[in-house]
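Got the viewer open? Load the model, switch to cartoon, and follow along stop by stop.

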Amino acid sequence: MRLPRSLSGWTMAVFGVLAAALGVVGLVVPDALLTVMGFEPVPAGGRADGDHTLVFLTASSMAALNMGVYYVLAALADWKPFFRWTVPFRLLTFTVFTLAVVTGRAPSGFLGVGLWEGLGAVVTGVALRYEKRAVAHA
């Protein structure tokens, strides 16, 4: 079995596995994912005509599954440029999701999604910095 070869690779692999798993949950049991994110699920048959919540949930869950696989593959290849590219965009995601909660566009439970992105970005960034310094001092 192949494993990540660096600390930053491990941060990417863990994030990737979690993203892929949550993507699968959203595809298989969408109400469970809505509950985890702080949204109240609507009972079967209770959605109004034109409510496309499940369509958007399906699309975002598929994107999370794909993204998770990309992250794991990048971690296994120890593709550090990719790791670096993700940090600012994951911080941007943290900012947008946090602002969605602060401005009332999303329930407070959704803040966890933003914090997950932000914390993951910081941990990956710190790991990359540590590895760069370790190479410089070797």
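Helices (H or I, at least four residues) and strands (E, at least two) are taken here as DSSP runs, numbered from the N terminus. With that in hand, read along the sequence and you get the pattern α-α-α-α-α: five helices and zero strands. Before you click further, note that this is a predicted model, where local features need pLDDT of at least 70 and side-chain atom pairs count only at pLDDT 80 or more, while totals for chains, interfaces and linings use all residues. Residues are numbered from 1 along each chain as its sequence is written, and side-chain values use heavy atoms, with hydrogens and water left out.

**Stop 1: the whole chain**

Show the C-alpha trace. Along the principal axes, the C-alpha atoms fill a box of roughly 60 × 35 × 20 Å. Now colour by accessibility: buried means under 20% relative accessible area, exposed over 50%, and partly exposed in between (1.4 Å probe, protein chains only). On that scale, 32% of the 138 residues in the chain are buried.

**Stop 2: the Lys80 network**

Select Asp78, Lys80 and Glu131, and show sticks. Side chains of opposite charge can pair when their charged atoms come close. A salt bridge here is a side-chain nitrogen of Lys or Arg within 4 Å of a carboxyl oxygen of Asp or Glu, and by this rule the count comes to three. Asp78, Lys80 and Glu131 are linked in a network of such bridges.

Start with the partner in the loop: Asp78 sits between H3 and H4. Check its backbone while you're there, as phi of Asp78 is near 50°, a positive value in a residue other than glycine. The closest N and O atoms of Lys80 and Asp78 are 3.6 Å apart.

Then swing over to the other partner, where the closest N and O atoms of Lys80 and Glu131 are 2.7 Å apart. Lys80 lies in helix H4 and Glu131 in helix H5, so this pair ties together parts that are 51 residues apart in sequence. Is Glu131 buried or exposed? Glu131 is buried, because its relative accessible area is 13%, whereas Lys80 counts as partly exposed at 22%.

**Stop 3: Arg90 and Glu117**

Keep the sticks on and select Arg90 and Glu117. Their side chains meet in a salt bridge, 3.9 Å from N to O. Arg90 lies in helix H4 and Glu117 in helix H5, so the pair ties together parts that are 27 residues apart in sequence. Switch on a surface and look at the cover: Arg90 is buried, with a relative accessible area of 2%, and Glu117 is buried too, at 8%.

**Stop 4: the largest pocket**

Next, run your pocket finder. The grid used here has 1 Å spacing over the protein atoms alone; a pocket is an open set of points where a 1.4 Å probe fits, with protein on both sides within 12 Å along at least five of seven lines, and lining residues have an atom within 4 Å of a point. Points are joined across faces, edges and corners, and the volume is the space filled by probe spheres set on them. The largest pocket has a volume of about 660 Å³.

Which residues are closest to the centre of the largest pocket? Select Met37, Ser60, Phe97, Phe110 and Val113, the closest of the 24 that line the pocket. The elements giving two or more residues to the lining are H1, helix H2 (30–36), H3, H4 and helix H5 (111–136). H3 gives the most, with eight residues. Colour the lining by class and you'll find 16 nonpolar, seven polar and one charged residues. For that split, Ala, Val, Leu, Ile, Met, Phe, Trp, Tyr, Cys and Pro count as nonpolar, Asp, Glu, Lys and Arg as charged, and the others, Gly among them, as polar.

**Stop 5: two helix residues**

Select Pro88, whose place is in helix H4 (residues 80–102). Pro88 counts as partly exposed, at 47% relative accessibility. Draw a C-alpha distance to Gly16: 17 Å in space, for residues 72 apart in sequence.

Finish on Lys132 in helix H5. Lys132 is exposed, with a relative accessible area of 66%. One last distance, C-alpha to C-alpha: Lys132 and Thr35 are 40 Å apart in space and 97 residues apart in sequence.
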